[in-house]
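Dear colleague,

I am passing on the structure we discussed, and below it you will find some notes on its sheets and its nonpolar cores. Please read them with the structure open beside you.

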Amino acid sequence: MAPAHKRVGFLKPLLEDAENIEIGDFTYYDDPQGPEHFRERCVLYHYPFVGDRLVIGRFCALAEGVSFIMNGANHAMAGFSTFPFNIFGHGWEDGFDPATWTAENRGDTTIGHDVWIGTQAMIMPGVSIGSGAIIAARAVVVSDVAPYTIVGGNPARPIRQRFDDTVIERLLAIAWWDWPLDKISRNLDAIRGADLDRLEAAQ
């Protein structure tokens, strides 16, 4: 946890044993109830037998109440009813074709590096969010988000790119989040700043 902010904590050490969850270094969660509750509060319908993964990169900032809806929330939609009769037993499971449910699996949910996800934003199954993106508070993200793009609303739509395409391409090539920690520490002013040439020249 951050010494001055008990509600903020790095997730990687808190989730080292979490099945099918990968969290990068320095990614944090902010919650007044404590960051140690991230898994049960924020990663929903994540059943090991489904096999989908939640992958979050390095240096991401996750605000209070963010939720990742995983594939276990999906219902079979090929027939007239979406009601999950089979899970209640008593003969209702007879004739259920698991392939109808598997067809709704949208794959892993992947968050890039240096992504800021606002308060109570909801990320739906199988979404990929590019590095440097910003997800507005209470956004419902139902489709992929390009790197360095700000999205908001329900369903979330692009509001604007943070930088032009050329700058984004250069930033992704720099990938400062992959630098050794000592290099990051030496170059914080360049990382926090807006001088791209200086960032590219960092030693």
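**Strand pairing and cores**

In this model, which is predicted, G9 stands opposite Y29 of strand β3. That pair belongs to the place where β1 and β3 (residues 28-30) run antiparallel and are joined by 3 bridges. Both strands are part of an open sheet of 7 strands, whose order is β1-β3-β6-β9-β12-β14-β15 and whose pairing is mixed. At its edges lie β1 (8-10) and β15 (157-161), each of which pairs on one side only.

There is also an open sheet of 4 strands, in the order β4-β7-β10-β13, and here the pairing is parallel. Its edge strands are β4 (43-44) and β13 (140-141), each pairing on one side only. Between β4 and β7 (residues 67-69), which run parallel, there are 2 bridges, and L44 is found opposite I69 of β7.

Turning to the interior, the largest nonpolar core comprises 30 residues, and those with the most contacts inside it are F38, L62, F68, I117 and I135. At least two residues of this core come from each of β2 (21-23), α1 (38-42) and β5 (54-56). If neighbours within four places in sequence are set aside, I135 is in contact with W116, I117, G118, A121, I123, I129, V141, V145 and V151. A second core, separate from this one, has 15 residues, among them L171, I184, L196 and L199.

With best regards

How values were computed. Residues are numbered from 1 along each chain as its sequence is written. This is a predicted model: local features need pLDDT of at least 70, side-chain atom pairs count only at pLDDT 80 or more; totals for chains, interfaces and linings use all residues. Side-chain values use heavy atoms; hydrogens and water are left out. A nonpolar core is a set of buried Ala, Val, Leu, Ile, Met, Phe, Trp, Tyr and Cys residues joined through side-chain atoms within 4.5 Å. Buried means under 20% relative accessible area, exposed over 50%, partly exposed in between (1.4 Å probe, protein chains only). Contact means heavy atoms within 4.5 Å. Two strands pair if DSSP finds at least two bridges between them.
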